[in-house]
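Here is a short briefing on how one helix sits among its surroundings. Please keep the sequence and the model in view while you read.

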Amino acid sequence: MNVAIAADVKADQSATPSKNNQAKNGMDVLLDLVSDDLKAVNALIMKHMQSDVVLIPQLAGHLIAAGGKRLRPLLTLASSRLCGYQGDRHLGLAACIEFIHTATLLHDDVVDESDLRRGRDTANALFGNKPSVLVGDFLFSRAFQLMSRDSSLEVIRILSDASAVIAEGEVQQLMTSNDLETDRDAYLKVISGKTAVLFAASCQLGAVVADRPQSEADALESYGQYLGIAFQLVDDILDYSAKQAALGKTVGDDFREGKMTLPIILAYEKATADNNVEELSFWKRVIEELDQTEDDLAQAIALMHKHNALEDSMAFARDYVQKAIDALSIFPDSPEKNALVGAVEFSISREF
(Lines give C-alpha, C1' and ligand atoms only; values in the text may rest on other atoms or scores of the structure.)
Protein backbone atom coordinates (compact mmCIF):
# COMPACT_ATOMS: atom_id res chain seq x y z
CA MET A 1 0.00 0.00 0.00
CA ASN A 2 1.26 3.46 -0.85
CA VAL A 3 2.09 4.99 2.54
CA ALA A 4 1.37 8.59 1.49
CA ILE A 5 -2.04 7.63 0.09
CA ALA A 6 -2.87 5.62 3.20
CA ALA A 7 -1.96 8.58 5.38
CA ASP A 8 -4.18 10.90 3.36
CA VAL A 9 -7.14 8.54 3.57
CA LYS A 10 -6.55 7.96 7.28
CA ALA A 11 -6.62 11.71 7.76
CA ASP A 12 -9.90 11.81 5.86
CA GLN A 13 -11.32 9.07 8.12
CA SER A 14 -10.55 11.16 11.16
CA ALA A 15 -12.07 14.29 9.65
CA THR A 16 -15.13 13.90 11.87
CA PRO A 17 -15.14 16.97 14.13
CA SER A 18 -14.42 16.48 17.81
CA LYS A 19 -17.48 16.70 19.99
CA ASN A 20 -17.61 20.08 21.61
CA ASN A 21 -20.08 22.79 22.45
CA GLN A 22 -20.02 24.32 19.01
CA ALA A 23 -23.10 23.81 16.85
CA LYS A 24 -22.50 21.20 14.19
CA ASN A 25 -23.67 21.53 10.63
CA GLY A 26 -25.74 18.82 8.98
CA MET A 27 -22.73 17.14 7.43
CA ASP A 28 -20.94 16.89 10.79
CA VAL A 29 -24.00 15.23 12.33
CA LEU A 30 -24.19 12.75 9.47
CA LEU A 31 -20.47 11.96 9.80
CA ASP A 32 -20.81 11.38 13.53
CA LEU A 33 -23.78 9.08 13.06
CA VAL A 34 -22.06 6.65 10.68
CA SER A 35 -18.40 7.25 11.53
CA ASP A 36 -17.63 3.58 12.30
CA ASP A 37 -19.27 2.41 9.10
CA LEU A 38 -17.39 5.07 7.13
CA LYS A 39 -14.06 3.82 8.49
CA ALA A 40 -14.97 0.33 7.26
CA VAL A 41 -15.92 1.75 3.85
CA ASN A 42 -12.65 3.63 3.58
CA ALA A 43 -10.78 0.41 4.36
CA LEU A 44 -12.68 -1.33 1.55
CA ILE A 45 -11.86 1.52 -0.81
CA MET A 46 -8.17 1.22 0.02
CA LYS A 47 -8.26 -2.56 -0.42
CA HIS A 48 -10.00 -2.57 -3.78
CA MET A 49 -8.08 0.24 -5.41
CA GLN A 50 -4.84 -1.72 -5.05
CA SER A 51 -3.22 -3.25 -8.12
CA ASP A 52 0.12 -4.71 -9.16
CA VAL A 53 0.16 -1.97 -11.79
CA VAL A 54 1.62 0.70 -9.51
CA LEU A 55 0.26 3.67 -11.46
CA ILE A 56 -3.33 2.61 -10.67
CA PRO A 57 -3.24 3.04 -6.85
CA GLN A 58 -1.05 6.14 -7.22
CA LEU A 59 -3.43 7.90 -9.57
CA ALA A 60 -6.66 6.65 -7.98
CA GLY A 61 -5.38 7.46 -4.51
CA HIS A 62 -4.57 11.01 -5.52
CA LEU A 63 -8.24 11.71 -6.19
CA ILE A 64 -9.81 9.41 -3.60
CA ALA A 65 -7.71 10.87 -0.78
CA ALA A 66 -8.91 14.35 -1.80
CA GLY A 67 -12.49 13.20 -2.20
CA GLY A 68 -14.02 15.41 0.46
CA LYS A 69 -16.58 14.08 2.89
CA ARG A 70 -17.71 10.98 0.94
CA LEU A 71 -21.24 12.36 0.71
CA ARG A 72 -22.64 9.65 -1.58
CA PRO A 73 -21.36 6.72 0.50
CA LEU A 74 -22.55 8.52 3.62
CA LEU A 75 -26.04 8.63 2.15
CA THR A 76 -25.98 4.88 1.57
CA LEU A 77 -24.85 4.26 5.14
CA ALA A 78 -27.41 6.61 6.69
CA SER A 79 -30.28 5.41 4.48
CA SER A 80 -29.52 1.82 5.48
CA ARG A 81 -29.64 2.76 9.15
CA LEU A 82 -32.86 4.73 8.59
CA CYS A 83 -34.42 1.53 7.25
CA GLY A 84 -33.20 -0.51 10.23
CA TYR A 85 -30.61 -2.56 8.37
CA GLN A 86 -28.32 -4.58 10.68
CA GLY A 87 -25.94 -6.37 8.27
CA ASP A 88 -22.85 -5.26 6.37
CA ARG A 89 -23.94 -5.33 2.70
CA HIS A 90 -24.23 -1.56 2.73
CA LEU A 91 -20.48 -1.21 3.33
CA GLY A 92 -19.47 -2.79 0.03
CA LEU A 93 -22.19 -0.90 -1.82
CA ALA A 94 -21.07 2.41 -0.31
CA ALA A 95 -17.53 1.68 -1.54
CA CYS A 96 -18.99 0.80 -4.94
CA ILE A 97 -20.78 4.15 -5.07
CA GLU A 98 -17.53 5.98 -4.30
CA PHE A 99 -15.70 4.12 -7.07
CA ILE A 100 -18.38 5.05 -9.60
CA HIS A 101 -18.22 8.67 -8.46
CA THR A 102 -14.41 8.78 -8.57
CA ALA A 103 -14.33 7.20 -12.03
CA THR A 104 -16.68 9.86 -13.37
CA LEU A 105 -14.51 12.61 -11.83
CA LEU A 106 -11.41 11.25 -13.56
CA HIS A 107 -13.23 11.20 -16.89
CA ASP A 108 -14.83 14.62 -16.30
CA ASP A 109 -11.52 16.32 -15.61
CA VAL A 110 -10.12 14.97 -18.87
CA VAL A 111 -13.17 16.10 -20.85
CA ASP A 112 -13.16 19.52 -19.17
CA GLU A 113 -9.37 19.84 -19.41
CA SER A 114 -9.39 20.79 -15.73
CA ASP A 115 -6.14 21.44 -13.88
CA LEU A 116 -7.51 21.86 -10.36
CA ARG A 117 -10.09 20.06 -8.20
CA ARG A 118 -10.72 21.19 -4.60
CA GLY A 119 -7.64 23.38 -4.89
CA ARG A 120 -5.38 20.43 -5.80
CA ASP A 121 -3.89 19.42 -9.13
CA THR A 122 -6.18 17.06 -11.00
CA ALA A 123 -4.99 13.56 -11.81
CA ASN A 124 -4.84 14.36 -15.51
CA ALA A 125 -2.70 17.42 -14.81
CA LEU A 126 -0.22 15.27 -12.88
CA PHE A 127 -0.35 11.96 -14.72
CA GLY A 128 -1.77 12.82 -18.15
CA ASN A 129 -5.10 12.23 -19.89
CA LYS A 130 -4.55 8.66 -21.04
CA PRO A 131 -3.72 7.23 -17.59
CA SER A 132 -6.64 9.14 -16.06
CA VAL A 133 -9.15 7.69 -18.51
CA LEU A 134 -7.79 4.17 -18.12
CA VAL A 135 -7.71 4.30 -14.31
CA GLY A 136 -11.27 5.64 -14.42
CA ASP A 137 -12.16 2.52 -16.40
CA PHE A 138 -10.39 0.41 -13.75
CA LEU A 139 -12.46 1.99 -10.99
CA PHE A 140 -15.68 1.38 -12.90
CA SER A 141 -14.63 -2.27 -13.18
CA ARG A 142 -13.94 -2.44 -9.45
CA ALA A 143 -17.37 -0.93 -8.80
CA PHE A 144 -19.06 -3.64 -10.84
CA GLN A 145 -17.04 -6.33 -9.08
CA LEU A 146 -18.28 -5.03 -5.74
CA MET A 147 -21.91 -4.81 -6.82
CA SER A 148 -21.85 -8.31 -8.32
CA ARG A 149 -20.60 -9.72 -5.02
CA ASP A 150 -23.75 -8.42 -3.39
CA SER A 151 -25.63 -11.00 -5.54
CA SER A 152 -28.84 -8.92 -5.60
CA LEU A 153 -30.26 -8.40 -9.08
CA GLU A 154 -32.09 -5.30 -7.84
CA VAL A 155 -28.83 -3.79 -6.58
CA ILE A 156 -27.14 -4.54 -9.89
CA ARG A 157 -30.07 -3.02 -11.78
CA ILE A 158 -30.04 0.19 -9.73
CA LEU A 159 -26.31 0.76 -10.02
CA SER A 160 -25.92 -0.29 -13.65
CA ASP A 161 -28.89 1.88 -14.66
CA ALA A 162 -27.40 4.79 -12.73
CA SER A 163 -24.03 4.34 -14.44
CA ALA A 164 -25.69 4.43 -17.86
CA VAL A 165 -27.68 7.56 -17.00
CA ILE A 166 -24.54 9.30 -15.70
CA ALA A 167 -22.80 8.67 -19.01
CA GLU A 168 -25.84 9.99 -20.89
CA GLY A 169 -25.89 13.09 -18.71
CA GLU A 170 -22.24 13.81 -19.42
CA VAL A 171 -22.79 13.47 -23.17
CA GLN A 172 -25.88 15.67 -22.92
CA GLN A 173 -23.82 18.33 -21.13
CA LEU A 174 -21.27 18.16 -23.91
CA MET A 175 -24.06 18.81 -26.42
CA THR A 176 -25.43 21.80 -24.50
CA SER A 177 -22.05 23.48 -23.95
CA ASN A 178 -21.67 26.72 -25.91
CA ASP A 179 -25.36 26.56 -26.87
CA LEU A 180 -27.32 29.60 -25.75
CA GLU A 181 -30.56 27.90 -26.81
CA THR A 182 -30.20 25.59 -23.80
CA ASP A 183 -33.21 26.21 -21.56
CA ARG A 184 -34.01 25.36 -17.95
CA ASP A 185 -35.54 22.00 -18.80
CA ALA A 186 -32.50 20.90 -20.80
CA TYR A 187 -30.21 22.03 -17.98
CA LEU A 188 -32.22 20.14 -15.34
CA LYS A 189 -32.10 17.04 -17.53
CA VAL A 190 -28.30 17.31 -17.64
CA ILE A 191 -27.80 17.68 -13.90
CA SER A 192 -30.42 15.05 -13.12
CA GLY A 193 -28.36 12.62 -15.18
CA LYS A 194 -24.78 13.52 -14.46
CA THR A 195 -25.18 14.23 -10.73
CA ALA A 196 -28.56 13.50 -9.16
CA VAL A 197 -29.00 9.91 -10.32
CA LEU A 198 -26.04 8.67 -8.26
CA PHE A 199 -27.39 10.47 -5.18
CA ALA A 200 -30.73 8.77 -5.82
CA ALA A 201 -29.14 5.33 -6.19
CA SER A 202 -27.03 5.88 -3.06
CA CYS A 203 -30.14 6.45 -0.97
CA GLN A 204 -32.38 3.87 -2.64
CA LEU A 205 -29.89 1.11 -1.81
CA GLY A 206 -30.57 1.60 1.89
CA ALA A 207 -34.16 0.42 1.50
CA VAL A 208 -33.18 -2.41 -0.84
CA VAL A 209 -30.60 -4.01 1.47
CA ALA A 210 -33.04 -3.69 4.38
CA ASP A 211 -35.79 -5.34 2.29
CA ARG A 212 -38.17 -2.47 2.97
CA PRO A 213 -41.43 -1.77 1.06
CA GLN A 214 -41.21 -0.22 -2.40
CA SER A 215 -42.78 2.97 -1.05
CA GLU A 216 -39.73 3.53 1.18
CA ALA A 217 -37.31 2.77 -1.65
CA ASP A 218 -39.17 5.26 -3.85
CA ALA A 219 -39.13 7.90 -1.10
CA LEU A 220 -35.37 7.55 -0.62
CA GLU A 221 -34.81 7.61 -4.36
CA SER A 222 -36.77 10.88 -4.59
CA TYR A 223 -34.91 12.32 -1.61
CA GLY A 224 -31.57 11.54 -3.24
CA GLN A 225 -32.67 12.85 -6.63
CA TYR A 226 -33.82 16.18 -5.19
CA LEU A 227 -30.73 16.46 -2.99
CA GLY A 228 -28.49 15.81 -6.00
CA ILE A 229 -30.20 18.49 -8.06
CA ALA A 230 -29.88 21.01 -5.22
CA PHE A 231 -26.25 20.04 -4.71
CA GLN A 232 -25.38 20.60 -8.38
CA LEU A 233 -27.31 23.86 -8.51
CA VAL A 234 -25.26 25.17 -5.59
CA ASP A 235 -22.06 23.93 -7.26
CA ASP A 236 -22.94 25.88 -10.37
CA ILE A 237 -23.75 29.00 -8.35
CA LEU A 238 -20.50 28.78 -6.39
CA ASP A 239 -18.56 28.85 -9.66
CA TYR A 240 -19.44 32.54 -9.76
CA SER A 241 -19.18 33.19 -6.02
CA ALA A 242 -16.81 35.46 -4.15
CA LYS A 243 -16.84 32.78 -1.43
CA GLN A 244 -14.86 30.52 -3.73
CA ALA A 245 -12.23 33.19 -4.31
CA ALA A 246 -11.96 33.83 -0.58
CA LEU A 247 -11.30 30.12 -0.06
CA GLY A 248 -8.51 30.20 -2.62
CA LYS A 249 -10.49 28.24 -5.19
CA THR A 250 -10.85 28.93 -8.88
CA VAL A 251 -13.85 31.02 -9.93
CA GLY A 252 -15.37 30.90 -13.39
CA ASP A 253 -14.28 27.49 -14.67
CA ASP A 254 -17.75 26.84 -16.09
CA PHE A 255 -17.72 30.26 -17.76
CA ARG A 256 -14.36 29.67 -19.39
CA GLU A 257 -15.56 26.32 -20.74
CA GLY A 258 -18.81 27.79 -22.05
CA LYS A 259 -21.00 25.55 -19.88
CA MET A 260 -24.66 26.47 -19.85
CA THR A 261 -25.50 26.44 -16.16
CA LEU A 262 -28.57 28.01 -14.59
CA PRO A 263 -27.04 31.41 -13.70
CA ILE A 264 -26.11 31.99 -17.36
CA ILE A 265 -29.42 30.62 -18.61
CA LEU A 266 -31.38 33.02 -16.38
CA ALA A 267 -29.21 36.02 -17.26
CA TYR A 268 -29.54 35.23 -20.97
CA GLU A 269 -33.32 34.78 -20.62
CA LYS A 270 -33.56 38.29 -19.15
CA ALA A 271 -31.41 39.80 -21.88
CA THR A 272 -33.64 38.11 -24.46
CA ALA A 273 -36.85 39.31 -22.80
CA ASP A 274 -35.46 42.88 -22.69
CA ASN A 275 -34.12 42.57 -26.24
CA ASN A 276 -30.84 43.98 -24.91
CA VAL A 277 -28.66 43.78 -27.99
CA GLU A 278 -25.47 44.60 -26.11
CA GLU A 279 -25.96 41.84 -23.55
CA LEU A 280 -27.07 39.30 -26.16
CA SER A 281 -23.97 40.07 -28.19
CA PHE A 282 -21.80 39.65 -25.09
CA TRP A 283 -23.21 36.22 -24.26
CA LYS A 284 -22.90 35.07 -27.86
CA ARG A 285 -19.25 36.10 -27.96
CA VAL A 286 -18.15 34.63 -24.64
CA ILE A 287 -20.26 31.45 -24.59
CA GLU A 288 -20.95 30.40 -28.17
CA GLU A 289 -17.71 31.69 -29.67
CA LEU A 290 -15.58 31.34 -26.51
CA ASP A 291 -13.93 34.63 -27.42
CA GLN A 292 -13.12 35.83 -23.91
CA THR A 293 -10.94 38.56 -22.45
CA GLU A 294 -9.65 38.91 -18.89
CA ASP A 295 -12.50 41.28 -18.01
CA ASP A 296 -15.33 39.12 -19.32
CA LEU A 297 -15.82 36.97 -16.23
CA ALA A 298 -16.34 40.06 -14.09
CA GLN A 299 -18.78 41.38 -16.68
CA ALA A 300 -20.69 38.08 -16.71
CA ILE A 301 -20.98 38.13 -12.91
CA ALA A 302 -22.12 41.76 -13.00
CA LEU A 303 -24.90 40.83 -15.45
CA MET A 304 -25.93 37.92 -13.24
CA HIS A 305 -26.24 40.27 -10.28
CA LYS A 306 -28.08 42.84 -12.39
CA HIS A 307 -30.74 40.28 -13.29
CA ASN A 308 -30.75 38.43 -9.92
CA ALA A 309 -29.66 35.26 -11.74
CA LEU A 310 -27.57 33.97 -8.84
CA GLU A 311 -30.28 34.71 -6.30
CA ASP A 312 -32.97 33.12 -8.47
CA SER A 313 -30.76 30.06 -9.02
CA MET A 314 -30.41 29.71 -5.27
CA ALA A 315 -34.19 29.94 -4.94
CA PHE A 316 -34.45 26.99 -7.35
CA ALA A 317 -32.01 25.07 -5.17
CA ARG A 318 -34.04 25.83 -2.04
CA ASP A 319 -37.16 24.46 -3.73
CA TYR A 320 -35.38 21.15 -4.33
CA VAL A 321 -34.08 21.11 -0.76
CA GLN A 322 -37.68 21.32 0.47
CA LYS A 323 -38.76 18.59 -1.95
CA ALA A 324 -36.00 16.36 -0.59
CA ILE A 325 -37.08 16.98 3.00
CA ASP A 326 -40.73 16.34 2.11
CA ALA A 327 -39.78 13.02 0.50
CA LEU A 328 -38.65 11.76 3.92
CA SER A 329 -42.05 12.46 5.50
CA ILE A 330 -43.10 8.77 5.32
CA PHE A 331 -40.35 7.87 7.80
CA PRO A 332 -40.83 8.36 11.56
CA ASP A 333 -38.59 10.81 13.37
CA SER A 334 -35.20 9.36 14.26
CA PRO A 335 -31.55 10.44 14.50
CA GLU A 336 -31.02 9.01 11.00
CA LYS A 337 -33.88 11.01 9.52
CA ASN A 338 -32.66 14.17 11.26
CA ALA A 339 -29.16 13.57 9.87
CA LEU A 340 -30.49 13.19 6.32
CA VAL A 341 -32.52 16.38 6.70
CA GLY A 342 -29.39 18.09 8.01
CA ALA A 343 -27.38 16.85 5.03
CA VAL A 344 -29.77 18.37 2.52
CA GLU A 345 -29.87 21.64 4.48
CA PHE A 346 -26.06 21.65 4.46
CA SER A 347 -26.07 21.34 0.67
CA ILE A 348 -27.66 24.78 0.38
CA SER A 349 -25.41 26.56 2.87
CA ARG A 350 -22.02 25.08 2.00
CA GLU A 351 -19.16 27.13 0.63
CA PHE A 352 -17.40 24.32 -1.25
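The crossing of α5 and α6 is right-handed, a term used when the near helix is turned clockwise from the far one by less than a right angle. Helices here are DSSP runs (H or I, at least four residues), numbered from the N terminus. This is a predicted model, in which local features need pLDDT of at least 70, side-chain atom pairs count only at pLDDT 80 or more, and totals for chains, interfaces and linings use all residues. Residues are numbered from 1 along each chain as its sequence is written, and side-chain values use heavy atoms, with hydrogens and water left out.

**Packing of α5 and α6**

- The two helices, α5 and α6, pack at an angle of about 155°, with their axes 8 Å apart, where axes are lines fitted to C-alpha atoms over the stretch in contact and angles run from 0 to 180 degrees between N-to-C directions.
- α5 and α6 are therefore roughly antiparallel to each other, a label for angles over 145 degrees.
- Residues of α5 including R72, P73 and T76 take part in the contact with α6, where the residues met include H90, L91 and A94; contact means heavy atoms within 4.5 Å.

**Surroundings of α5**

- Because 11 of the 12 residues of α5 are buried, this helix is largely enclosed by the rest of the structure; buried means under 20% relative accessible area, with a 1.4 Å probe and protein chains only.
- The cover over the buried residues of α5 includes α2 (26-33), α3 (35-48) and α10 (184-209), among others.
- Just after α5, G84 takes a positive phi of about 80°.

Terms used: Buried means under 20% relative accessible area, exposed over 50%, partly exposed in between (1.4 Å probe, protein chains only). Angles under 35 degrees count as roughly parallel, over 145 as roughly antiparallel, 65 to 115 as roughly perpendicular and the rest as oblique.
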